[in-house]
Amino acid sequence: MSEPIFPESFLWGAATSAYQIEGQPLADGAGPSIWHRFAHNPGRIANGDSGDLACDHYHRYRDDIALMSELGLGVYRFSIAWGRVLPEGRGRVNQPGLDFYRRLIDTLLEHGIQPMPTLYHWDLPCALYDRGGWLAPDSPGWFADYAELVFRALDDRVPIWITLNEPWITAMLGHLDGSLAPGHRDLFEAPQVAHHQLLAHAAAVAVYRGVGRHQIGIALNLEPQHPATPSDADRAAATRQDLILNRWFLDAVLCGRYPDELPGLFGPAWPEGAELELVGAGIQTDFVGVNYYSRGLVSAAHQAPAPYVSRVPPDPSRVTAMGWEIHPPGLTEILCRLKDDYGNPPVYVTENGAAFADPPPLDGEIADPERIDYLRTHIRAAHDALRAGVDLRGYLVWSLLDNFEWAEGYAKRFGIIGVDHQTQQRIPKQSARFYREVIRSRGASLVPGA
């Protein structure tokens with residue numbers, strides 16, 4: 001057997017989110033979220049699916065944690081449903097909802113698994129949405145109050161916190177593209193929503209400095225943007241797309257400012273005074289969570305409505321079931337960029353994985369060689385970044401379970417553990433066995449000939 005290639009301190013884990021796996025979104029006094037409302041709006045979700053049952057993790061979390069333990073996970077990233085804890089988003093605490101997360105965390109710790117909670121994974125309470133949601137100037141304060149409540153309740157058992165998951169998605173796909181909750185299409189809303197989320201992150205970190213004792217960061221969806229040809233036009237298009245997808249949030253979180261070109265890109269839709277407000281917020285983070293799935297291949301000939309630039313369709317032989325190009329070197333590239341351009345902050349790969357059309361189970365197991373190849377090549381890409389000097393602390397696969405994949409419903413399967421959503425049976429995939437061996441050997445099994 002080859003020698004381990006990852007350090008002993010490296011954290012191996014898996015990630016999920018509340019609305020995608022918990023089910024029972026209104027149980028025990030919880031308040032509805034914008035995703036509950038969105039999913040029950042006809043025509044929004046493939047096949048009319050919703051997260052009403054999902055993986056029923058709300059009732060089956062102990063069994064799921066036992067599966068995590070069998071995999072050898074050292075860390076589990078999950079999200080806390082804001083409306084379970086605060087049904088109106090602020091004010092009255094729903095103790096049964098908070099107690100669910102206490103039990104979840106305690107059970108993880110009993111199995112030697114570090115909890116990594118995300119405070120916000122897109123499921124804003126409807127009560128706050130009805131008061132303006134992320135467009136409301138008070139929204140950063142609402143989030144900070146919620147964060148403080150959760151910190152005070154759980155920080156003694158939580159070593160790593162994440163404030164927000166992919167604020168770009170909430171802003172751009174939730175408020176400009178309209179494909180995700182709350183389903184708006186308004187250029188003026190997108191930058192305002194993004195700005196308020198960044199102020200919310202800053203406010204939550206400031207609160208944590210007063211009451212918390214461990215690490216707190218943010219999870220960003222990042223991907224390199226490559227020109228389709230060497231032409232000046234394609235290079236300019238890729239630079240523009242990089243500004244929108246990567247620099248917007250990286251500059252804000254790691255430099256405390258917005259890129260100079262950003263306000264001009266949005267024009268009159270850019271919120272007045274946003275740059276000064278961001279500087280005044282004193283934004284900071286202990287680490288960056290990187291959610292990586294693919295790269296962008298950009299052409300000026302594929303212009304989309306501002307401020308988007310459309311991707312060139314990838315080679316259909318090298319895509320996942322989501323139509324995303326499989327491009328492992330992009331993970332190395334984006335991680336090395338954090339080192340080279342942003343001072344090498346601590347980094348976790350907080351999401352990486354792929355959906356494929358898995359076959360039915362055979363002899364109690366699901367064969368998924370495409371997912372195994374995806375994980376193998378991307379974990380090697382993460383190791384390449386580590387060897388290049390990136391301060392990479394851990395890798396978490398997306399996802400532990402086949403879950404509710406947002407607008408795709410249950411049609412797209414990302415899990416390394418399959419779920420029969422009719423019976424709720426958990427069915428291991430060969431990728432789970434592969435990942436368990438990677439963890440056990442600290443990457444030695446990835447070495448050719450091992």
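# Strands and helices of a barrel model

User: In S5, which residue is the bridge partner of Trp161?

Analyst: The model is predicted. In this model, S4 and S5 run parallel and are joined by four bridges. S4 covers residues 160-165 and S5 covers residues 215-221. The residue of S5 that serves as bridge partner of Trp161 is Ile216.

User: Which residue in S7 stands opposite Leu220?

Analyst: Strand S7 comprises residues 287-291, and five bridges join S5 to this strand. The two strands run parallel. Opposite Leu220, the residue in S7 is Val290.

User: How many of the seven residues of S5 are buried?

Analyst: A residue is called buried when its relative accessible area is under 20%. By this criterion, S5 is mostly covered. Of its seven residues, the number buried is six.

User: In what order do the eight strands close into a barrel?

Analyst: The strands of the barrel are paired in the parallel sense. From one strand to the next, the twist averages 25°. The order in which the eight strands close is S1-S2-S3-S4-S5-S7-S10-S11.

User: Which strands of the sheet does helix H7 touch?

Analyst: Helix H7 consists of residues 139-154 and packs on the sheet. The direction of H7 makes about 160° with that of S3. The strands that H7 touches are S3, S4 and S5.

User: Which residue of S11 is the bridge partner of Trp12?

Analyst: Strand S1, residues 11-15, is joined to S11 by five bridges, and the two strands run parallel. S11 is mostly covered, with six of its seven residues buried. The partner of Trp12 in S11 is Tyr395.

User: Which residue stands opposite Tyr395 in the pairing of S10 and S11?

Analyst: S10 is formed by residues 347-351 and S11 by residues 392-398. These strands pair in the parallel sense over three bridges. Opposite Tyr395 of S11 stands Val349.

User: Is helix H8 enclosed by the rest of the structure or open, and how many of its nine residues are buried?

Analyst: H8 spans residues 167-175 and is largely enclosed by the rest of the structure, because its residues are buried throughout. Among the buried residues are Trp168, Met172 and His175. Of the nine residues of H8, the number buried is nine.

User: Against which elements do the buried residues of H8 pack?

Analyst: The buried residues of H8 include Pro167, Ile169 and Leu173. Their neighbours in the packing comprise both strands and helices. The strands are S3, S4 and S5, and the helices are H9, H10 and H11.

User: Are H10 and H13 parallel, perpendicular or oblique to each other?

Analyst: Helix H10 covers residues 232-255 and helix H13 covers residues 329-342. They pack at an angle of about 50°, with their axes 12 Å apart. Angles under 35 degrees count as roughly parallel and those from 65 to 115 as roughly perpendicular, so an angle between these ranges falls in the remaining class. The two helices are therefore oblique.

User: Is the crossing of H10 and H13 left-handed or right-handed?

Analyst: The contact between these helices involves residues of H10, among them Asp242, Arg247 and Leu254, and Ile334, Arg337, Leu338 and Tyr342 of H13. The residues of this contact divide into six nonpolar, one polar and four charged. The manner in which H10 passes H13 is right-handed.

User: What is omega of the cis peptide bond that joins Ala181 and Pro182?

Analyst: Pro182 lies in the loop between H8 and H9. The peptide bond that links Ala181 to Pro182 is cis. Its omega is about 5°.

User: To which residue does the cis peptide bond from Trp398 lead?

Analyst: The omega of this bond is near 10°. The residue that follows the bond is placed in the loop between S11 and strand S12 (417-420). That residue is Ser399.

User: Is Asn344 buried, partly exposed or exposed?

Analyst: Asn344 is located in the loop between H13 and S10. Its phi is positive, about 60°, although Asn344 is not a glycine. Its relative accessible area is 24%, and since values under 20% count as buried and those over 50% as exposed, Asn344 is partly exposed.

User: Is Trp406 buried or exposed?

Analyst: Trp406 has its place in the loop between S11 and S12. Its phi is near 50°, a positive value in a residue other than glycine. With a relative accessible area of 5%, Trp406 is buried.

Notes
Residues are numbered from 1 along each chain as its sequence is written. This is a predicted model: local features need pLDDT of at least 70, side-chain atom pairs count only at pLDDT 80 or more; totals for chains, interfaces and linings use all residues. Side-chain values use heavy atoms; hydrogens and water are left out. Axes are lines fitted to C-alpha atoms, for helices over the stretch in contact, and angles run from 0 to 180 degrees between N-to-C directions. Angles under 35 degrees count as roughly parallel, over 145 as roughly antiparallel, 65 to 115 as roughly perpendicular and the rest as oblique. A crossing is left-handed if the near helix is turned anticlockwise from the far one by less than a right angle, and right-handed if clockwise. Contact means heavy atoms within 4.5 Å. Ala, Val, Leu, Ile, Met, Phe, Trp, Tyr, Cys and Pro count as nonpolar, Asp, Glu, Lys and Arg as charged, and the others, Gly among them, as polar. Buried means under 20% relative accessible area, exposed over 50%, partly exposed in between (1.4 Å probe, protein chains only). Two strands pair if DSSP finds at least two bridges between them.
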